[in-house]
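Thanks for coming, everyone. Please have the sequence and the model open, and follow along as I talk.

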Amino acid sequence: MKVVVCVKQVPDTKGGVKFNPDGTLDRGAMLTIMNPDDKAGLEAALRLKDEYGAEVTVVTMGLPKAEEVLREAMAMGADKGILVTDRVLGGADTWATSTTLAGAIRNLEYDIIITGRQAIDGDTAQVGPQISEHLDIPVISYAQDIKIEGDSVVVQRQYEDRYHVVKAKMPVLITALSELNEPRYMTPGGIFDAYDAEITTWGRANLVDVDDANLGLKGSPTKIAKASDKVRKGAGEKVTPDSPEEAVSYIVDKLKVKHVI
């Protein structure tokens, strides 16, 4: 069994975010982590490796520094890491990103592709399903449990206050929730091996069946009207009422002025 996992290096929002003049994230200037949903997807793949001897290949698209998440994935137990990076791919929205990743994955053999449900820097939940459309394979989203039955996968798909049981023949793409599992830690030996291992790097020339018109910022139909860092709020107005009744009256008056009530 061959499993491909798509992971993304995302900004560590605790350290703040920064923007380029065109409204895109300045990823090179921010602290980064592996996207949490993607890490759960990676753990799911590693459990398939533990149980069925699956070969796990991790793919990421990003700046050269995105190699860090591939090293982390390999230190956790992944077999191979592929970095897709090229200047022409920069500024991609979900459409251009999924087009690029699908173009890279066409070079690989796979039975299952696993992506995170969504990335914390975009929260669109679009890239995984879009990859499945590009590759013309079924998708099962919001997975909270994954099992293998012969040549099929059986997935518990989270749905509001219950779950659906969905079965599909491989090849199939699955999007994973962070609640799917508890990702394992990197091992000391795994870290040494990961940093000795070779990372495969692909660029535009390695993408299969992809049109330049669908790549990068120019190939992104999503346009950002405005973006800014978080604005700090002032201290606001402070009052010291003499009684609870006076406090209530003050708040009610303010709500009326603001047309809240």
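Strand 4 and strand 5 run parallel, and 5 bridges join them. This is a predicted model, by the way. Pick out V58 as an example. Its bridge partner in strand 5 is G81.

Now go to strand 1. Strand 1 and strand 4 are also joined by 5 bridges, and they too run parallel. Here V4 stands opposite T57 of strand 4. A quick reminder for the newer people: strands of a sheet pair through backbone hydrogen bonds, either parallel or antiparallel.

How many residues of strand 4 are buried? The count is 6 of 7, so strand 4 is mostly covered.

Let's step back to the whole sheet. It is an open sheet of 9 strands with mixed pairing. Read the order with me: 9-8-7-10-6-1-4-5-11. Which strands are the edge strands? They are strand 9 and strand 11, and each of them pairs on one side only. From one strand to the next, the twist averages 30°.

One more pair. Strand 7 covers residues 139–149, and 3 bridges join it to strand 10. These two strands run parallel. Find A143, and opposite it you will see A176 in strand 10.

Next, the helices on the sheet. Helix 2, residues 67–76, packs on the sheet. It touches strand 4 (55–61) and strand 5 (80–84). The direction of helix 2 makes about 170° with that of strand 5.

Helix 4 packs on the sheet as well. Which strands does helix 4 touch? Strand 1, strand 6, strand 7 and strand 10. Its direction makes about 175° with that of strand 10.

Now helix 3, residues 94–105. T99 lies there. Is T99 buried or exposed? Its relative accessibility is 7%, and buried means under 20%, so T99 counts as buried. What does T99 touch, leaving out residues up to four places away in sequence? The contacts are H134, V210, N214 and L215.

On to the loops, and to some backbone details. Here is the background. Most residues other than glycine have a negative phi, and most peptide bonds are trans. We have exceptions to show.

Take A125 to begin with. It sits in the loop between strand 6 (112–116) and helix 4 (127–135). Phi of A125 is near 60°, a positive value, and A125 is not a glycine.

Then D209. Look in the loop between strand 11 (200–202) and helix 6 (244–257). D209 is not a glycine either, yet its phi is positive, about 60°. Is D209 buried or exposed? Its relative accessibility is 65%, and exposed means over 50%, so D209 counts as exposed.

Now the peptide bond. M170 and P171 are joined by a cis peptide bond, with omega about 5°. Where is P171? In the loop between strand 9 (162–169) and strand 10 (172–176).

Last stop, the surface. I251, L255, V260 and I261 make a nonpolar surface patch of about 370 Å². L255 belongs to helix 6. Its relative accessible area is 32%, so L255 falls between the cut-offs of 20% and 50% and is partly exposed.

That's my tour. Please point to any spot you would like to see again.

Definitions and conventions:
Residues are numbered from 1 along each chain as its sequence is written. This is a predicted model: local features need pLDDT of at least 70, side-chain atom pairs count only at pLDDT 80 or more; totals for chains, interfaces and linings use all residues. Side-chain values use heavy atoms; hydrogens and water are left out. Helices (H or I, at least four residues) and strands (E, at least two) are DSSP runs, numbered from the N terminus. Buried means under 20% relative accessible area, exposed over 50%, partly exposed in between (1.4 Å probe, protein chains only). Two strands pair if DSSP finds at least two bridges between them. Axes are lines fitted to C-alpha atoms, for helices over the stretch in contact, and angles run from 0 to 180 degrees between N-to-C directions. Contact means heavy atoms within 4.5 Å. Patches are made of residues with over 30% relative accessible area and no salt bridge: like charges are joined within 9 Å, nonpolar side chains (Val, Leu, Ile, Met, Phe, Trp, Tyr) within 5 Å. Accessible areas come from the Shrake-Rupley method with a 1.4 Å probe; for residues, only the protein chains shown count as cover. A salt bridge is a side-chain nitrogen of Lys or Arg within 4 Å of a carboxyl oxygen of Asp or Glu.
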